[in-house]
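Student: I have a model open and want to see how its labels are justified. Can we go through one part of it together?
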Amino acid sequence: MIEKIYPGIWKILFRQFGSYVYLIKLGGKNILIDTSSPENTEELINDLKKLGISREGINVIILTHNHPDHVGGISPFPNAKIYGSEEDFEKRVIDIKKLKIPELMVMNTPGHSKGSVCILYKDVLFSGDTLFHRGTIGRTDLPGSSGKEMEKSLKKIKRLRYRLLCPGHGTGD
Ligand SMILES: [Zn+2]
């Protein structure tokens with residue numbers, strides 16, 4: 001299911017487990033934040049079609065971190081430049097430091113994974129599995145997780161001015 005949540009931003013939700021995907025239309029580019037699980041790829045492609053966006057029409061994919069329920073659907077988009085943090089992806093995707101879209105502010109927010117990032121666009125925060133609604137947070141008991149780092153990252157996030165939180169999972173606001 002695809003739903004407009006903000007001017008130029010859509011949220012894509014799936015019937016099965018997997019992260020939310022967000023589509024940002026910005027400066028003629030179609031940008032995806034995360035790609036959910038591989039099982040959800042067909043649904044993702046169909047939802048994008050409803051907005052008239054083909055697989056070839058996705059220009060940029062930003063991965064908040066390297067967990068399979070977020071990165072499962074990167075392959076069907078032949079023209080997408082895929083970005084993620086080196087700490088999580090090593091050389092498998094383009095280093096997120098090279099992302100040159102001035103409207104998107106990328107922050108390193110380790111804790112849930114070593115290379116987790118959050119993205120601030122206007123007053124919208126894409127928080128991956130770092131921060132969810134109602135103050136709940138991502139797991140820090142996984143390989144590569146760190147409770148200490150998570151605390152620091154959450155402090156960083158608290159200083160930001162955002163009005164809409166777009167996390168990787170969860171319901172309501
Ligand atoms: Zn995760």
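The turns below take up one sheet of this predicted model.

Student: What is the order of the strands in the open sheet, and how are they paired?
Tutor: The order is β8-β9-β10-β11, four strands with mixed pairing.

Student: Why is one side of β8 and of β11 left without a neighbour in the sheet?
Tutor: β8 (104–108) and β11 (164–167) each have a single partner strand, so they stand at the edges. The twist averages 20 degrees from one strand to the next.

Student: What makes β8 and β9 count as paired?
Tutor: Pairing needs at least two bridges. Five bridges join β8 to β9 (residues 117–121), so the two strands pair, and they run antiparallel. Leu104 stands opposite Tyr121 there.

Student: How do β9 and β10 connect?
Tutor: They form a hairpin with two residues between them. Lys122, in the turn, has a positive phi of about 50 degrees. Three bridges pair the strands in the antiparallel sense, and Tyr121 stands opposite Val124 in β10.

Student: Why is β10 called largely enclosed by the rest of the structure?
Tutor: Buried means under 20% relative accessible area. Five of the five residues of β10 (residues 124–128) are buried, so the strand is largely enclosed. Val124, Phe126 and Gly128 point one way, Leu125 and Ser127 the other.

Student: What makes the β-α-β unit right-handed?
Tutor: With the strands pointing away from the viewer, a right-handed path runs clockwise over the helix. The unit of β10, helix α4 (residues 147–158) and β11 is right-handed, so its path runs that way. Four bridges join β10 to β11, which run parallel. Gly128 has Pro167 as its bridge partner in β11.

Technical notes: Residues numbered from 1 in each chain as written. Predicted model: local features only at pLDDT ≥ 70, side-chain atom pairs only at ≥ 80, totals over all residues. Heavy atoms only, no water. Axes fitted to C-alpha atoms, helices over the stretch in contact; angles between N-to-C directions. Buried < 20%, exposed > 50% of the residue type's maximum accessible area, 1.4 Å probe, protein only.
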